[in-house]
Amino acid sequence: MTTATRPPAVAGMFYPGDPASLRDDLATCLAVAPAPTLEAAPPGLLKAIIVPHAGYIYSGGTAGQAYALLAPLAGRIRRVVLLGPCHRVAVRGLAAPTVTAFATPLGNIALDRAALDGLADLPQIVASDAAHAQEHSLEVQLPFLQTVLGEFQLVPLAVGQTGAREVAQVLERLWGGPETLIVISSDLSHFHGYAEAQKIDQATAEHILALDQLSSFEQACGALPINGLLALAKQRGLRIERVAQCNSGDTAGDKSRVVGYASFALYEAPQEAAADPGPALLVRARNAIASHFKQATRAEPDHPALALPGATFVTLTQNGQLRGCIGSLQAHRPLDQDVRANAVAAAFRDPRFPPLKVEELARTRVEVSLLTAPQPMSFTDEADALRQLRPNIDGIIFIAGEGGKLGRSTFLPQVWEQLPEPRMFMAHLKQKAGLPADYWSAEVQLQRYEVQKWKEAPIP
């Protein structure tokens with residue numbers, strides 16, 4: 001892997017190349033007061049922003065109002081997934097750089113190489129440093145991010161010829177939790193008269209606020225990354241707010257041929273507003289098994305998360321002993337379908353046990369685990385990997401050989417209760433994959449995930 005750093009390409013053109021002047025410009029952009037008609041920021045987790053990428057003199061204030069929202073989150077956000085359109089180099093798919101850092105006049109930003117390398121199996125991902133070398137749509141966002149967030153890791157992707165579905169698939173894999181922010185870089189219409197641009201951009205903003213797909217690059221040069229984010233936002237129930245909007249005629253004076261700018265903030269629902277999905281999942285898991293026996297089922301409470309993609313494991317126990325455990329490592333279907341299918345599989349298709357019998361159901365206890373998206377781990381050797389394991393927190397996926405051809409296995413975080421020492425945990429994980437306990441290879445890949453888990457009350 002290269003250790004090169006991508007140097008700034010548009011410092012001194014789109015923004016000042018001198019660090020002191022750059023800090024002064026950023027302070028001015030971030031201090032722009034929001035319009036009094038804007039609503040207060042809604043409650044919930046600020047997950048994504050859409051911001052323009054022109055020179056700071058043109059769109060810096062519009063971008064700055066969105067970036068100012070991030071200042072209180074500096075300790076929380078540790079990774080930024082940044083997507084913008086390709087302007088200089090034609091790319092089929094999404095271009096990932098191979099370097100380890102991006103530089104600006106304010107310093108270097110480390111790339112999250114593990115996350116980037118973890119995308120390599122997706123056909124729409126291509127490695128291309130050329131696509132990034134002169135690209136301004138991503139670079140102009142970096143000094144803002146450095147100023148409001150401090151230290152973080154970056155996942156930069158330049159979006160070329162692809163589809164919204166392919167972009168959404170990448171964003172889904174990188175979604176993460178509260179530590180991950182998604183930034184989409186895009187301007188709006190280009191080179192219309194002032195009044196016509198206002199009309200076009202207002203219609204575009206209304207589409208974005210409705211989470212509707214854009215139909216043309218005439219609406220926004222970053223229509224593809226915007227559409228990928230909007231598709232996920234609608235699926236996940238995010239709320240969107242317009243933060244600011246103007247065009248270059250408002251900021252640079254010339255109203256004959258203007259470029260439109262707008263910034264938006266997208267929020268995940270506050271946790272306290274969403275009821276605990278555990279009871280709904282447990283009832284559905286038990287009902288799925290009961291239905292197989294044509295037995296009576298229980299009333300099923302509803303929950304908004306059930307319609308969203310989700311990955312679950314269903315574990316069955318009897319008198320504290322395992323009776324079946326099957327699950328999904330990736331969210332590939334609605335949570336409602338996933339928990340039902342895995343419950344049936346755990347009861348009747350776990351190869352370690354005979355199919356559950358109807359007379360066993362009453363004494364079988366159901367547990368449901370809801371998984372976060374697996375994240376690739378980066379390590380130098382087995383000792384380094386073991387040092388990074390977090391007992392009682394991490395579920396681990398072990399992959400040996402390209403595509404797991406030599407073996408693949410996983411342990412839920414619950415397994416730490418029986419195997420509390422990392423070396424023992426890893427040894428059993430390798431054995432579960434059909435490999436010797438002391439096996440290791442430079443090709444070994446590890447991914448980690450976390451779970452929420454719920455278990456039925458003890459059976460009397």
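What follows is a working chat about a predicted model of a protein.

Colleague: Before we get into detail, how many helices and strands does the protein have?

Modeller: The secondary structure of this predicted model comes to 14 helices and 20 strands. The radius of gyration is 25 Å, close to the 23 Å that the globule rule gives for 460 residues, so the protein is as compact as a globular protein of that length.

Colleague: And what does the C-alpha trace span along its principal axes?

Modeller: Along those axes the C-alpha trace spans about 80 × 50 × 35 Å.

Colleague: What percentage of the residues count as buried?

Modeller: Of the 460 residues, 54% count as buried. As for the outside, the protein exposes about 20,200 Å², and carbon and sulfur atoms supply 54% of that area.

Colleague: What about contacts between residues that are 24 or more positions apart?

Modeller: Such residues account for 77% of the contacts in the protein with a separation of 6 or more.

Colleague: Switching to charge, how many positive and negative side chains are there?

Modeller: There are 40 positive and 45 negative side chains, and the centres of the two sets lie 8 Å apart.

Colleague: Now the strands. Is β17 mostly covered or mostly uncovered?

Modeller: Strand β17, residues 395-400, is mostly covered, with six of its six residues buried. The cover extends to both faces, since G395, I397 and I399 on one side are buried, as are I396, F398 and A400 on the other.

Colleague: Which strands does β17 pair with?

Modeller: Strand β17 runs antiparallel to β19, residues 445-449, and five bridges join the two, with I396 standing opposite R448 of β19. Strand β17 also pairs in the antiparallel sense with β18, residues 407-411, over five bridges, and there the bridge partner of I397 is T410.

Colleague: How many residues sit between β17 and β18 in their hairpin?

Modeller: Six residues lie between β17 and β18 in that hairpin, and G401 in the turn has a positive phi of about 80 degrees.

Colleague: What about β15, is that strand largely enclosed or largely open?

Modeller: Six of the seven residues of β15, residues 365-371, are buried, so the strand is largely enclosed by the rest of the structure. Seven bridges join β15 to β13, residues 311-318, in an antiparallel arrangement, while five bridges join β15 to β20, residues 451-455, and that pair runs antiparallel as well.

Colleague: Which residues stand across from L371?

Modeller: L371 of β15 stands opposite A311, and in β20 the bridge partner of L371 is V451.

Colleague: I was also looking at T317. Where does that residue lie, and what is it in contact with?

Modeller: T317 lies in strand β13, and its relative accessibility is 15%, which is under the 20% cut-off, so T317 counts as buried. Leaving aside neighbours within four places in sequence, T317 is in contact with L322, R323, R363, T364 and R365.

Colleague: How far is T317 from E421?

Modeller: The C-alpha atoms of T317 and E421 are separated by 24 Å, and the two residues are 104 residues apart along the chain.

Colleague: Last topic, the sheet with β1 in it. What is the strand order?

Modeller: The order is β1-β5-β6, three strands that form an open sheet with mixed pairing. Strands β1, residues 5-6, and β6, residues 107-110, stand at the edges with a single partner strand each, so one side of each is left without a neighbour in the sheet.

Colleague: And how many bridges join β5 to β6?

Modeller: Four bridges join β5, residues 101-104, to β6, and these strands run antiparallel. One of the pairings involves T104, whose bridge partner in β6 is G107.

Conventions:
Residues are numbered from 1 along each chain as its sequence is written. This is a predicted model: local features need pLDDT of at least 70, side-chain atom pairs count only at pLDDT 80 or more; totals for chains, interfaces and linings use all residues. Side-chain values use heavy atoms; hydrogens and water are left out. Buried means under 20% relative accessible area, exposed over 50%, partly exposed in between (1.4 Å probe, protein chains only). Two strands pair if DSSP finds at least two bridges between them. The radius of gyration is taken over C-alpha atoms; the globule rule is 2.2 Å times the number of residues to the power 0.38. Contact means heavy atoms within 4.5 Å. Accessible areas come from the Shrake-Rupley method with a 1.4 Å probe; for residues, only the protein chains shown count as cover. Lys and Arg count as positive and Asp and Glu as negative; His and the chain ends are not counted. The place of a charge is taken as NZ of Lys, CZ of Arg, CG of Asp or CD of Glu.
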